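Let's take a friendly walk through a protein model, going from the place where its chains meet to the charged pairs inside one of them. Keep the 3D view open while you read.

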Amino acid sequence: MIKKVFIQKADEIEAKDVLLSQIKARIYEEEQKHMSSKKFSFKNKKKLITVMVSCLALVSITVIGSSIGKAWIGHSSLRYSSFPEQAVVQKDIGFLPKYVESLPGGFNFFMGHVGENALVDDVNRPIVEAKSLSLGYKQEGADKQVTLSAEKMPEQYMMLGEGNTLIDTYKDTSLYYYEKMYKFVPESYELTEEDQVALESGQIEVSFGTDEVFVEKVQYLQWHEGDILYSIGGSGIDLPVEDLVAMAQTIIDAE
Amino acid sequence: MDEIELVKAVQQGNMKAFEDLFESDKNRAIKTVYLMTGHKQMAEDIVQEAFTTCYLSIGKLKKPECFKTWFFKLLTRTAWRSIKKERSLVPTETISELIEEAHLIEGAKSLESRYEYEALYEQILRLDYPLQTTLILYYYNELTVKEIAKVMGCFEGTVKSRLYTARKRLKLHLLEQEETEPRKVVRV
């Protein structure tokens, strides 16, 4: 009898389809909070910046239809320690972007992440979800690293031309360039008056969450092919724009 | 992938594996919490919180083969915390509303058994949390006494004792109810 009571009562409810999206949005938010409060060791600095570069293009408030997007939140996990085959990437992220093993300037693949990002509203409901691939490339004999990321999303959410500048066109593809000085600081850091002035004038952006205070220039190039948004760049790389353009052309030419 | 492999993959940060784990457990989880709370919205909120915590803390699970009991422990404790905050719990429908609805669509015989079920469920909800949870885990989730002991952090003897006590109290409650309130039967 007790079992029948439970079975009958339990039949009154089923898990809604939207539940998984809500859970993922909460996970992403918790991870973002965790990232901003976590003490990053010096050796993790590059990873943090790599992840951040792929998010810098995204504006903080986006209005889409009647929903107001509050923020893009994302999650990524290390997946590839060797150069991944196309079939593997297709299976992992559900689409196949263009990518190569080596980039001009002596940059070679060394690691890859797959990720999921979501634009959420003010109650953390996902409005848009996007899967992504991020591949890291190290320059031979130097400490420089660039990241190539490819993210699939509807074109109207790409926001190209907002906050970055059209600088070239290659094979009918427009290339947008972004460059900004970033001051990376620990979570407990208090902005000085000098920082405030620099922030307000647009000279720098400030990012919280690192172990130490340091300033680096963040650079990246963006373009899209259909519903795949590409970006290539890095932090502290000090590369001429032409070098990034050459990298973008290599990707655009890839099969 | 079987459950152990899925759990190991989630521990590596594999979101796809977490989605698969969620799909296989979501209905069992939400139904269990609904039985504990009698409240649909609360059940959804609790399950959301439990799965979120599951993903974020699964790295602490040393034995992936113990995922089931680990997760039920997490789920029931999340539910208890929420229930304690919301002291004025009300089941989604009262007995009288059910009788009225049943009058329109069911025969007398099935109405009587439905009344019995609802009356029994109402009494289960009035048991204290450890007794209630023990009943749900045993009868609905079909966990063994050993598994329930792990979930609830008690001895197996305590689980058996709670099952016995819960059944006894339910029997007494129902007998008292029959004596004080004559059963309403509506003939269709």
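## A charged pair to start with

Find Lys24(A) and Glu19(B): these two form a salt bridge, with their closest N and O atoms 2.8 Å apart. Keep in mind that this is a predicted model.

How many salt bridges are there between chain A and chain B? The count is five. Polar contacts turn up here too: the rule finds eleven residue pairs across the interface of chain A and chain B.

## Who does the touching on chain A

Three elements of chain A give two or more residues to the side that touches chain B: helix 1 (2-10), helix 2 (19-37) and strand 3 (71-80). Which of the elements gives the most? That's helix 2 of chain A, with ten residues.

If you sort the residues on this side of chain A by type, you get 13 nonpolar, four polar and 13 charged.

## How much gets covered

Here's a handy bit of background. The size of an interface is often given as the accessible area that is lost when the parts come together. For chain A and chain B, about 3,400 Å² is buried between them, and 67% of it is on carbon and sulfur atoms. Phe6(A), Lys9(A) and Ile13(A) supply 21% of the area that chain A buries against chain B, more than any other three residues.

You can also look at the interface through contacts: 30 residues of chain A are in contact with 40 residues of chain B.

## Another bridge across the chains

Now look for Glu142(B) and Lys3(A), whose side chains meet in a salt bridge at 2.1 Å, N to O. This pair crosses between chains: Glu142(B) sits in the loop between helix 7 (129-140) and helix 8 (145-152) of chain B, while Lys3(A) belongs to helix 1 of chain A. Is Lys3(A) buried or partly exposed? Its relative accessible area is 33%, so Lys3(A) counts as partly exposed.

## Chain A on its own

Chain A has six helices and twelve strands. Of its 255 residues, 48% count as buried. On the outside, chain A exposes about 12,400 Å², with carbon and sulfur atoms supplying 48% of that.

How does the chain fold back on itself? Take the contacts in chain A between residues at least 6 apart in sequence: 66% of them join residues at least 24 apart.

## Salt bridges within chain A

Over all chains, the count comes to 18 salt bridges. One within chain A joins Lys98(A) and Glu225(A), with the closest N and O atoms 3.0 Å apart. Lys98(A) lies in the loop between helix 4 (86-93) and strand 4 (102-103) of chain A and Glu225(A) lies in strand 11 (residues 214-225), so the pair ties together parts that are 127 residues apart in sequence. Lys98(A) is partly exposed at 21% relative accessibility, and Glu225(A) is partly exposed as well, at 26%.

Strand 11 of chain A also holds Lys217(A), which is linked to Asp238(A) in the loop between strand 12 (228-235) and helix 6 (241-253), 21 residues apart. The closest N and O atoms of this salt bridge are 3.9 Å apart. Lys217(A) is partly exposed, with a relative accessible area of 22%, whereas Asp238(A) counts as exposed at 51%.

Finally, salt bridges that share partners join Lys9(A), Glu12(A) and Glu118(B) into one network.

Conventions
Residues are numbered from 1 along each chain as its sequence is written. Chains are lettered from A and ligands numbered from 1 in the order in which they are written. This is a predicted model: local features need pLDDT of at least 70, side-chain atom pairs count only at pLDDT 80 or more; totals for chains, interfaces and linings use all residues. Side-chain values use heavy atoms; hydrogens and water are left out. Contact means heavy atoms within 4.5 Å. Buried area is the accessible area (1.4 Å probe) that two parts lose on being put together, summed over both. A salt bridge is a side-chain nitrogen of Lys or Arg within 4 Å of a carboxyl oxygen of Asp or Glu. A polar contact is a pair of N or O atoms within 3.5 Å; within protein, one must be able to donate a hydrogen and the other to accept it, and residues adjacent in sequence count only if both atoms are side-chain atoms. Helices (H or I, at least four residues) and strands (E, at least two) are DSSP runs, numbered from the N terminus. Ala, Val, Leu, Ile, Met, Phe, Trp, Tyr, Cys and Pro count as nonpolar, Asp, Glu, Lys and Arg as charged, and the others, Gly among them, as polar. Buried means under 20% relative accessible area, exposed over 50%, partly exposed in between (1.4 Å probe, protein chains only). Accessible areas come from the Shrake-Rupley method with a 1.4 Å probe; for residues, only the protein chains shown count as cover.
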